[in-house]
Amino acid sequence: SNSSTNPNLNFPLSLDFSPKICYTKATQIPAAPPPKGSLAMFKTKLVSSLEKPFLNSRIEDYKPLSFIRMMKNQRLSFQLLHTGVGFDAPLRAMLALKIEGLPAEYVTARTVELVPVAYPIYPEIEDSNYISKEPGLYPDWLQPLHYGGVISVMKNQLRAVWIQFDPKGNVPAGSYTVTVSLMAGEEALATESLTIEVLNAELPPQEMKVTQWFHCDCLANYYHCEPWSERHWEIVENFARTARENGINLLLTPLFTPALDTAVGGERTTTQLLDITVTNGEYSFGFDKLDRWIDMCDRVGIEFFEISHLFTQWGAAHAPKIMATVDGEYKKIFGWESAATGEEYSTFLRAFLAAFLDHMKARGDDKRCYFHISDEPNETQLESYKAAKAVVYDLIKDYPIMDALSNFEFFKQGIVPLPIPSNDHVEPFIEAKVPGLWTYYCCGQLSGVSNRMMAMPLWRTRSIGYQFYKYDIAGFLQWGYNFYNTCGSIDPINPYIDACGEYWVPAG
């Protein structure tokens, strides 16, 4: 089908996984072990959440998890590995999962499903700290249990259940013995146990700023809905709530359709929150959708707003795509054809910023805003970046102005007061003791540093937390929380079957 908002986007097969069409009620299918006499045996083991079990891995090669500590308001995860051996037919046993020893309302169990990874890593990367550099099926997708809580234990395949305990501070401190069993009726065919010690202490409120770029256009494309329709708002809020639950407290706010990862001359599906009217050459601005966005963020706990970039990526040479109603006609008024520092766009930008800041001040929300000029400028674009910043600096100088970049000159010359270097170029910024230093990673940070590629072991992904602490990092940025496009946003993808943007970047 074609997008109603952009007829040039032809969608590949796209599956809507929303519960409204997946099932109507959680009716449990009776557990069905292999028939007696088939010498069926089930092997299980509780292991760390940092393990990535592959289908052909041996359960014996994983270290068992028998004891773990947590704070009262911490979220804890671990995995149950399971495999079937010794039976001929059927090839799977359908067994109920039973978890005892923890308050059920704070426990969630999901299956760890495998996704196709055709492009795990750039071939030139020389780094031994990868699980594999070969294409294949990689464990990644956490899927709700089906059949009302029954899981499929497969013959000679190692699979996992992801178990999460999130007491939210409501469980008394103490030691809890947890048992996890695979059940056929009332019979436990395999049981594992784990001791969880809940410490009499709580994590303090999150102070670090965390953003992973939130792409509202991708959600409209994937779920085939009109941007800012009621269905789109519902989906956006669901995603924003989940983002906050996973630590994101600064949300990319598309006053304009973000000028990010867009091919020169191309455009992304319009998702700007700002309503613009041009009458006889005069601009007026409507903030109704922005107000609804802020109210949504307040509901889900988002604390800060990352205002979409004011100029195009990689050099700040052009204006982002901006739509307006001009003398009654809705059309594009700025884009690739508009010079970043041209008189027309400069006039618009200053009028917009003045009206926007007045509106946010009236709401009492202006100090929640973070601004961007242009993403990832390099040393050859220093002058164009400086010129673009000069257009707006006097209006936003009292607010954080930050950009992802890796050239130290931008900070040394005072051009970017809040630089966000990548974690493989952060050393000179640490040595200079940049106050309130942030860092980021994206597609190129693959050798000797942390990242979240599916082919990396999860200890490598988690290790960046130690670095945040050691170097007093104030914020973290990642570019693709829900980026569902190919390179340059030319076409949309189905993220459940394509984790690399059609062979553009390594999966993850």
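**View 1. Open five-stranded sheet of the predicted model.** The strands of this open sheet follow the order 1-3-8-5-6 with antiparallel pairing; strands are DSSP runs of E of at least two residues, helices are runs of H or I of at least four, and both are numbered from the N terminus. Two strands count as paired if DSSP finds at least two bridges between them. Strand 1 (41–48) and strand 6 (136–144) are the edge strands, each pairing on one side only. On average, neighbouring strands of this sheet are turned by 30° against each other, direction ignored. Axes are lines fitted to C-alpha atoms, for helices over the stretch in contact, and angles run from 0 to 180 degrees between N-to-C directions. The model is predicted: local features need pLDDT of at least 70 and side-chain atom pairs count only at pLDDT 80 or more, whereas totals for chains, interfaces and linings use all residues. Residues are numbered from 1 along each chain as its sequence is written, and side-chain values use heavy atoms, with hydrogens and water left out.

**View 2. Pairing of strands 5 and 6.** Strand 5 (residues 107–117) pairs with strand 6 in the antiparallel sense over eight bridges. Glutamate 113 has tryptophan 141 of strand 6 as its bridge partner.

**View 3. Open four-stranded sheet and helix 5.** Mixed pairing joins the strands of this open sheet in the order 14-13-16-17. Strand 14 (282–286) and strand 17 (329–334) stand at the edges, each with a single partner strand, so one side of each is left without a neighbour in the sheet. The twist averages 40° from one strand to the next. Strand 13 (residues 275–279) pairs with strand 14 in the antiparallel sense over five bridges, and aspartate 275 has glycine 286 of strand 14 as its bridge partner. Helix 5 (residues 343–363) lies across strand 13, strand 14, strand 16 (322–326) and strand 17, running at about 40° to strand 14.

**View 4. The largest cavity.** About 170 Å³ of space lies in this cavity; a cavity is a set of points on a 1 Å grid over the protein atoms alone where a 1.4 Å probe fits but cannot get out, and lining residues have an atom within 4 Å of a point. Grid points are joined across faces, edges and corners, and the volume is the space filled by probe spheres set on the points. Of the 16 lining residues, Ala259, Thr262, Gly266, Lys321 and Trp336 are the closest to the centre.

Methods:
Contact = heavy atoms within 4.5 Å. 1 Å grid on protein atoms, 1.4 Å probe; cavity = no way out; pocket = protein on both sides within 12 Å on 5 of 7 lines; lining within 4 Å.
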